[in-house]
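Here are some notes for the bench, set out as numbered points. Please read them with the structure open.

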Amino acid sequence: EGGGDMATSGAGDPEALCCPGAGGLALLGLAPGAPSCPHGPALLFVKTSPGKEEGRRFYACSACRDRRDCNFFQWEDEKVSETRLAAREEYNRSHQPSFTHRQNVERYNNFILLPLSKRRFCQECQQLLLPAEWENHSDHQFLCDISTAQLETPSQLLYPLENKKTNAQYLFADRSCQFLLDLITALGFRRVLSVGTPRLHEMIQSKASQEDFRIRSLLLDIDFRYSQFYKEDEFCHYNMFNHYFFGGEAARETCRKFLHQDSGERVIMVTDPPFGGLVGALSSSFKKLMAMWKETEKGVYNNNQEMPMFWIFPYFFESRILEFFPSFSMMDYQVDYDNHALYKHGKTGRRQSPVRIFTNLTPSMIVLPVEEGYRFCAMCQRYVSSGNQHCEICNSCTSKDGRRWKHCVLCKKCVKPSWFHCSKCNCCTLPNHSCEEAGAGCFVCGKAGHKRSTCPSLSRS
């Protein structure tokens, strides 16, 4: 979660990575017949430079930005020899997990039959150990006496993958996780497609035995370690950047079956991708999951209906998300994480988490906790944070970051309280900015207000 469990996707173009000031990369998406790496089909990119024609196209790993984690790279027009193709297939095979999901389920069933004193978990291999395997791990650090409670909360047993260039595995704090589950329950959903949200999934799973609890969850995640704890109808090994099911058609069918709403059970998708992930690639995969849902619901909904969805992402990606999903709106609720220093729920200024919920549900339906200072704005017909005051000129509650924003007559919009209007730049900006730098703007798109590394154009399809 929290920036999800998947890699902060980017391209492995050696030239672009070595020369960050030389231009940008544009995502062209999944191409028919794309070559594959251990993370599934590669994505097609093109090098771009301001005012110049598009550069040469190339394929790179969909899931890893750092080439040390996956060094897959191939020019689109490159002729690949049979020898190299065979070597690549062998490499992909050798980088698959040592156990299949089915084998992991069998191992788990044997593991839970063991007495507590014989239940061990290898911290180095991140693996549940059966007694016959102890000797092979004798020089490793391991945990003993693994309880049923620990098995039900694998996100706390497993090490979070926190390497920011490859993984961004931040996990929902209990406050946010419980809020999401309460909201889902109140809205009447009975099935949750948990895409990169293992902590929400395990909270749902842990309550499954309760008589009055009827919600079910299916976890789609790139972290295969979770296959040790969940059955094949509870977890699918999945890459959300290229809509790739590692388990093939059987896993795809598991997802299809789950999305079919038996007896009118409503489904909602909840996703928490890595914040470094390309919005274009994520949107493409989410639309394919929505299409899968729509296929199972023929005759139940009209063609314009979208699968209900919560996309958890920082507020500064709002324009990019709305570009791909115009029906979405951003809620003021601050999502916070256990293991991220900055993404915490706070009361003032920059201590507040920038992570929000984007949804295609009617905003007035999303009731936010009054005890945390959220209130209902009758004019906007949605719940807003305490500092988000309604602007009569904009006719909207305009704050994005939780602070009270101010209206600039010259810019004709509300801006952050720390900004002021610069007559040279003809826009509101920070007081200590340099007008020359502001005029130069982003190297990729030429616009002001962001750096090349965070340019929305980098993920534009």
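1. Which residues of the largest nonpolar core touch the most other members? The model is a predicted one, and in it this core has 75 residues. Leu193, Leu200, Leu220, Phe286, Leu289, Phe310 and Trp311 touch the most other members. Helix H9 (residues 279-296) gives the core its largest share, eight residues.

2. Where does this core lie with respect to the domains? Domain 1 (25-95) and domain 3 (174-386) both contribute residues, so the core lies between them. There is also a second core, separate from it and made up of 16 residues. Phe121, Ile146, Tyr226 and Phe229 are among its members.

3. Strand S10 (residues 189-195) deserves a look next. Of its seven residues, six are buried, so the strand is largely enclosed by the rest of the structure. S10 pairs with two strands named here, S14 and S11. With S14 (residues 266-271) the pairing is parallel and runs over six bridges; arginine 191 stands opposite valine 267 of S14. With S11 (residues 216-221) the pairing is again parallel, over five bridges, and serine 194 stands opposite leucine 219 of S11.

4. How does the chain get from S10 to S11? The chain passes through helix H7 (residues 198-206), in a β-α-β crossover that is right-handed.

5. Helix H7 is itself mostly covered, with seven of its nine residues buried. Those buried residues are Pro198, Arg199, Leu200, His201, Glu202, Met203 and Ile204. The list takes in charged residues such as Arg199 and Glu202. Leu200, on the same list, is also one of the core residues that touch the most other members.

6. What covers the buried residues of H7? The cover includes helices H4 (148-152), H5 (154-157) and H6 (174-186), together with strands S10, S11 and S14. S10 and S11 are the strands that the crossover through H7 connects.

7. A last point concerns cysteine 397, in strand S21 (residues 396-397). Is this residue buried or exposed? Cysteine 397 has a relative accessible area of 3%; buried means under 20%, so cysteine 397 counts as buried. Leaving aside residues up to four places away in sequence, cysteine 397 touches Cys377, Cys380, Arg382, Val384, Asn388, Gln389 and His390. Two of these contacts are with cysteines, Cys377 and Cys380. Serine 385 is 12 residues from cysteine 397 in sequence, and their C-alpha atoms are 9.4 Å apart.

Definitions and conventions
Residues numbered from 1 in each chain as written. Predicted model: local features only at pLDDT ≥ 70, side-chain atom pairs only at ≥ 80, totals over all residues. Heavy atoms only, no water. Helix = DSSP H or I, 4+ residues; strand = E, 2+ residues; numbered from the N terminus. Buried < 20%, exposed > 50% of the residue type's maximum accessible area, 1.4 Å probe, protein only. Contact = heavy atoms within 4.5 Å. Pairing = 2+ DSSP bridges. Right-handed = clockwise from strand over helix to strand, strands pointing away. Core = buried A, V, L, I, M, F, W, Y, C linked by side-chain atoms within 4.5 Å. Domains from an automatic or database assignment.
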